[in-house]
Amino acid sequence: TLSTLRFATQASHVKNQVVKLESKAKDSAAGDAIRAKAAELTLDASGRGSVLLPSGALPVRGSWADAGVVVICIHDFQRTGEQFDQLLPFLGNRALAPDFNIPSGDFRTGKESLVVAQIKELLDHLGVEKCVLLGRDYGAVCAGAFKLVHKTRVSALVLQNKRNDKDEKQTREMKKGNPNWMMDMWTGPWNFYLDHTGAMGGAGKEKHVKCKGLGKVTLLWPF
């Protein structure tokens, strides 16, 4: 009957509200537990320091105040947090660019999982529930891989392609030689991003589903 349908609809609505409230309370409790374990981080006058994690000492640079949005920068393969030296002053008062331990050799073998573990250890050590992840080139792969595994620990994801950095003159010259060069540069890095890691690999439909798992993403190109 119509009355039965109305009752069922109302009951379903109430149940959904209860589930949402329970989920919110659970997330709040988890956040409190993370923040309760926060360790102090002291940086020297140059903005450098070291964090002792279960996997070993992790050098960091940047700034670390008592409150503010936390930004963690993830550098490219065979690089260090120095990649972000010019950018760090504009990222707020809780921005760090660690020197992640990205193993040498062929990084197309899923080694981003090691960086994912280091990021998790760093956030736990500092008592950070959520952060903004800014990944550059291979660091973008690591940032995306972390978001897929630890969705609740990332408030925003910024992925940057910097390897193909060209000035205006170089860009014009490249386009003369290959009219499709610009489009190749736009799509190439993210096809690479999707294809080369175990976390993001798979058929087209599977990639689409996993991309949706990244949530809202800001993509930066040097053009």
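A nonpolar core is taken here as a set of buried Ala, Val, Leu, Ile, Met, Phe, Trp, Tyr and Cys residues joined through side-chain atoms within 4.5 Å. In the predicted model described here, the largest such core has 33 residues, and the members that touch the most others are I72, I74, F100, I119 and L133. Two or more residues of this core come from each of the strands β1 (48–53), β2 (56–64), β3 (71–74), β5 (131–136) and β6 (154–160), and from the helices α2 (112–126) and α3 (138–149). The greatest contribution is that of α3, which supplies seven residues. A second core, separate from this one, consists of nine residues, among them V71, L88, V132 and V158. In soluble globular proteins, nonpolar side chains tend to be buried together.

The surroundings of I74 illustrate the packing in the largest core. With residues up to four places away in sequence left aside, I74 touches F84, F100, V115, I119, L133, L134, G135, R136, G139, C142 and A143. Two of these partners, F100 and I119, are themselves listed with I74 among the core members that touch the most others.

The protein as a whole comprises six helices and seven strands. Along the sequence, these elements follow the pattern α-β-β-β-β-α-β-α-β-α-α-α-β. Of its 223 residues, 37% count as buried. Among contacts between residues at least 6 apart in sequence, 67% join residues that are at least 24 apart.

The seven strands form an open sheet with mixed pairing, in the order β1-β2-β4-β3-β5-β6-β7. The edges are occupied by β1 and β7 (217–220), each of which has a single partner strand, so one side of each lacks a neighbour in the sheet. On average, neighbouring strands of this sheet are turned by 25 degrees against each other, direction ignored. Strands of a sheet pair through backbone hydrogen bonds, either parallel or antiparallel. The strands β2 and β4 run antiparallel and are joined by three bridges. Within this pairing, G62 has L96 of β4 as its bridge partner. The helix α3 lies across β3, β5 and β6, and runs at about 155 degrees to β6. This helix is also the element that gives the most residues to the largest core.

Six salt bridges are present in the structure. Side chains of opposite charge can pair when their charged atoms come close. In one of the salt bridges, the side chains of R35 and D32 meet with an N to O distance of 2.7 Å. R35 and D32 are three residues apart in helix α1 (residues 2–36), and therefore separated by about one helical turn. R35 is partly exposed at 40% relative accessibility, and D32 is likewise partly exposed at 43%. Both residues belong to a network of salt bridges that also links E129.

A further salt bridge is made by D124 and K120, whose side chains meet at 2.7 Å, N to O. These residues lie four places apart in helix α2, so about one helical turn separates them. D124 has a relative accessibility of 26% and counts as partly exposed; K120 is partly exposed, with a relative accessible area of 26%.

The salt bridge between R61 and D85 has its closest N and O atoms 3.4 Å apart. R61 belongs to strand β2, whereas D85 is located in the loop between β3 and β4 (94–96), so the pair ties together parts that are 24 residues apart in sequence. With a relative accessible area of 7%, R61 is buried. Its partner D85 is partly exposed, at 34% relative accessibility.

The count of disulfides comes to zero. C73 takes part in no disulfide, and its nearest cysteine sulfur, that of C131, lies 10.0 Å away. A disulfide requires two cysteine sulfur atoms within 2.5 Å. For C131, which is also in no disulfide, the nearest cysteine sulfur is that of C73, at 10.0 Å. C73 counts as buried because its relative accessibility is 0%, and C131 is buried as well, with a relative accessible area of 0%.

Notes. Residues numbered from 1 in each chain as written. Predicted model: local features only at pLDDT ≥ 70, side-chain atom pairs only at ≥ 80, totals over all residues. Heavy atoms only, no water. Buried < 20%, exposed > 50% of the residue type's maximum accessible area, 1.4 Å probe, protein only. Contact = heavy atoms within 4.5 Å. Salt bridge = Lys/Arg side-chain N within 4 Å of Asp/Glu carboxyl O. Pairing = 2+ DSSP bridges. Axes fitted to C-alpha atoms, helices over the stretch in contact; angles between N-to-C directions.
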